[in-house]
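Here is a friendly walk through one model, from its strands to its helices and on to its confidence scores. Please keep the viewer open as you read.

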Amino acid sequence: MKVRDVMTTDVVTVTPTTPLREVARLLSERRVSGAPVVDEQGNCIGVISEGDLLFKEIGQPEPRTPLEWVFGSRDTAEAIRRRAARTAGEAMSAPPITIEPDMPLRVAAERMVNDGVNRLPVVENGRLVGIVTRADLVRAYLRLDREIEHTVREDILRNTMWLDPDAFEVESKEGVVRIAGTVDRRSTARIITKLVGLVDGVASVRSELRWELDDLEIEPPGPAEREPGAASLTARERPPSLHR
């Protein structure tokens, strides 16, 4: 799943000259915690958030001490600039941390965590085309987990292996699939595990499958004999993904 599949295209934006009072009104009315700042060409040049507005309100400088009058202020130029801000362009965080629409959701999640942000403007050739938030990713992962579980039960267990899905426990959480149940042969359990691992969105498989016969311990046929019909997928080319 890509960023474009979950991003919001109806984005609340402001310009660099938008007064902070107007920014606060927009965020409150649209019930969002931040907005991209765009120039006349539609390029994203920064992001302004509730945190930037709070910095303006509570970030008033303390009175200088005598030593600070001599050696200079302890405040950085950036802090002084943001406290004096009157417009979005003066208070925004720049340059913005952005992402492209065709990037995987995993990359978006990593970028949000690593950079400590709650939203990423989505840009294509520099122009803003949408925005993706942590809430969007959470909803997407929940939906993807449900789709993965359905694919495992219906496409793999029922339609491919001709097994009753109700006889198995299948659970997907953030792409980690746990599957439990009993099959006739160990080779069957091995095939199921490999098929589950090939489903789009599956990060790893935790197999708790049990088997009645360990046929992997049986001596394989000689070179002149044909391979059994239920051949292991390990000797075949990787089949196309079962989940889109």
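Which residue of β4 is the bridge partner of P121? The partner is I131. Bear in mind throughout that this is a predicted model.

**The hairpin**

P121 and I131 take us to a pair of strands: β3, residues 119-124, and β4, residues 127-133, are joined by six bridges in the antiparallel sense. Two residues lie between β3 and β4, and the strands form a hairpin. In its turn, N125 has a positive phi of about 55°, although N125 is not a glycine. If you are checking backbone torsions, look for N125 in the loop between β3 and β4.

**The three-stranded sheet**

Further along the chain, three strands make an open sheet with mixed pairing, in the order β5-β6-β7. Its edge strands are β5 (169-173) and β7 (204-213), each of which pairs on one side only. From one strand to the next, the twist averages 15°. As background, strands of a sheet pair through backbone hydrogen bonds, either parallel or antiparallel. Here β5 and β6 (residues 176-185) run antiparallel and are joined by five bridges. Within this pairing, K173 stands opposite V176 of β6. Helix α7, residues 134-158, packs on the sheet and touches β5 and β6. The direction of α7 makes about 150° with that of β5.

The two antiparallel pairings are set out here.

| Strand pair | Bridges | A facing pair |
|---|---|---|
| β3 and β4 | six bridges | P121 and I131 |
| β5 and β6 | five bridges | K173 and V176 |

**Two helices in contact**

Helix α7 also has a helical partner. Two packed helices are described by the angle between their axes and the distance between the axes. For α6 (residues 105-115) and α7, the packing angle is about 140° and the axes are 11 Å apart. The two helices are therefore oblique to each other. Is the crossing of α6 and α7 left-handed or right-handed? The crossing is left-handed. On the α6 side, the contact is made by L105, R106, A108, A109, M112 and V113, and on the α7 side by R134, L137, A140 and Y141. Sorted by class, this contact has eight nonpolar residues, two charged residues and no polar ones.

**A cis peptide bond**

Another backbone feature sits in the loop between α5 (88-91) and α6, which holds P95. The peptide bond from A94 to P95 is cis, with omega near -5°.

**Confidence**

How far can the coordinates be trusted? The protein averages a pLDDT of 82, and 77% of the residues score at least 70. Over residues 67-72 the pLDDT stays under 50, and the model has five contacts for them beyond four places in sequence. Residues 227-237 also have a pLDDT below 50, with nine contacts in the model beyond near neighbours in sequence. Where pLDDT is low, the predicted coordinates should not be read in detail.

Key. Residues numbered from 1 in each chain as written. Predicted model: local features only at pLDDT ≥ 70, side-chain atom pairs only at ≥ 80, totals over all residues. Heavy atoms only, no water. Pairing = 2+ DSSP bridges. Helix = DSSP H or I, 4+ residues; strand = E, 2+ residues; numbered from the N terminus. Axes fitted to C-alpha atoms, helices over the stretch in contact; angles between N-to-C directions. Contact = heavy atoms within 4.5 Å. Parallel < 35°, antiparallel > 145°, perpendicular 65-115°, else oblique. Left-handed = near helix turned anticlockwise from the far one by under 90°. Nonpolar A, V, L, I, M, F, W, Y, C, P; charged D, E, K, R; others polar. pLDDT = per-residue confidence, 0-100.
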